[in-house]
Amino acid sequence: MPSAKAEDYIKAVYQLQDGDEPVATSDVADALGVTAPTVTATMKRLQEQGLVEREEYKGVRLTAEGELVALETIRHHRLLELFLTEHLGYDWTEVHDEADQLEHHISERLETELAAVLENPSADPHGAPIPTEDLEPTDADDDPLSEYDEGETVIVTQVADSDAEVLDYLADAGITPGTRLDITEIAPFGMLTVASDDADDTVSLPKEIATAIRVRDTDSEAPDNGMTLTS
């Protein structure tokens, strides 16, 4: 069974990978806040365990076994986030770091009980899809809000969960998974102004925040994550 440290590295590779392209050591280092030599040494050990494949000077890919480890860790993390918000009164800004600590230490029985209590949810409080019990990936192919044009209407499906200040800002603005947004203006320097059904005023979003919001067209179904979030 991989250590907590190994699971962190494997999860980082999974979340950084793009198709079949290897993930650069420097990108993993940036994601985890460690040095590139530390990543290289860790990846050598993970390769020996059959969890990653390394290409010299190119990066790493997860093996099939490594992908299962990543998906199980992510499933634990997202179930924990949802349980903390729904049953323990945590704010959605607080649960990411807490789940990061707990995800490595829950048993299969506890995972099953959490899923049952939460009625087998499909997404966490931030809209991120939860891998199935059979560890099938369910990541949606939604696009950042920043890639849409003025005059378009979209539905929020997911927001990045690692920056508490951004989550606070979005909650105060009434922008959470399931929110319908009309893009009313895009300034030349990238600021997006949006109007939502849940707010009386428009909200201006810097490009970096708009990039952290995943959306889909209104032609698609709204996300069904069982969550109703309020600011």
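## Strand β8 and its neighbours

Strands β4 and β8 are joined by 5 bridges and run antiparallel. This is a predicted model. One pair in it links valine 156 to its bridge partner in β8, valine 215.

Strand β8 covers residues 213-217 and also pairs with β3. Here 2 bridges hold the pairing, again antiparallel. Valine 215 appears once more: it is the bridge partner of aspartate 143. Valine 215 therefore has bridge partners in aspartate 143 and in valine 156.

## The six-stranded sheet

These pairings belong to an open sheet of 6 strands. Read across the sheet, the order is β3-β8-β4-β5-β6-β7. The pairing is antiparallel.

Which strands sit at the edges? They are β3, residues 143-144, and β7, residues 203-205. Each of these two pairs on one side only.

A helix lies across part of this sheet. Helix α7, residues 164-172, crosses β4, β7 and β8. Strand β4 spans residues 153-159. The helix runs at about 155 degrees to β7.

## A hairpin

Strands β1 and β2 form a hairpin, with 3 residues between the strands. β1 takes in residues 52-55, and β2 takes in residues 59-62. The two run antiparallel and share 4 bridges.

Glutamate 53 faces arginine 61 of β2. Tyrosine 57, in the hairpin, takes a positive phi near 70 degrees.

## Two domains

The domain assignment of the protein chain lists domain 1 as residues 4-62 and domain 2 as residues 143-217. How many ångströms separate their centres? Taken over C-alpha atoms, the separation is 32 Å.

## The largest pocket

The largest pocket holds about 1300 Å³ of space. Its lining has 34 residues. Closest to the pocket centre are Gln15, Leu16, Arg78, Gln158 and Asp161.

Which element gives the most to the lining? Helix α1 does, with 8 residues. At least two lining residues each come from α1 (4-16), α2 (25-32), α4 (64-87), α5 (95-102) and β4. Strand β4 thus has two roles to follow: β4 bridges to β8, and β4 supplies lining residues.

The lining is mixed in character. It divides into 13 nonpolar, 9 polar and 12 charged residues.

Why does the pocket lie between the domains? Domain 1 and domain 2 both give residues to its lining, so the pocket lies between them.

Definitions and conventions
Residues numbered from 1 in each chain as written. Predicted model: local features only at pLDDT ≥ 70, side-chain atom pairs only at ≥ 80, totals over all residues. Heavy atoms only, no water. Pairing = 2+ DSSP bridges. Contact = heavy atoms within 4.5 Å. Axes fitted to C-alpha atoms, helices over the stretch in contact; angles between N-to-C directions. 1 Å grid on protein atoms, 1.4 Å probe; cavity = no way out; pocket = protein on both sides within 12 Å on 5 of 7 lines; lining within 4 Å. Points joined across faces, edges and corners; volume = space filled by probe spheres on them. Nonpolar A, V, L, I, M, F, W, Y, C, P; charged D, E, K, R; others polar. Domains from an automatic or database assignment.
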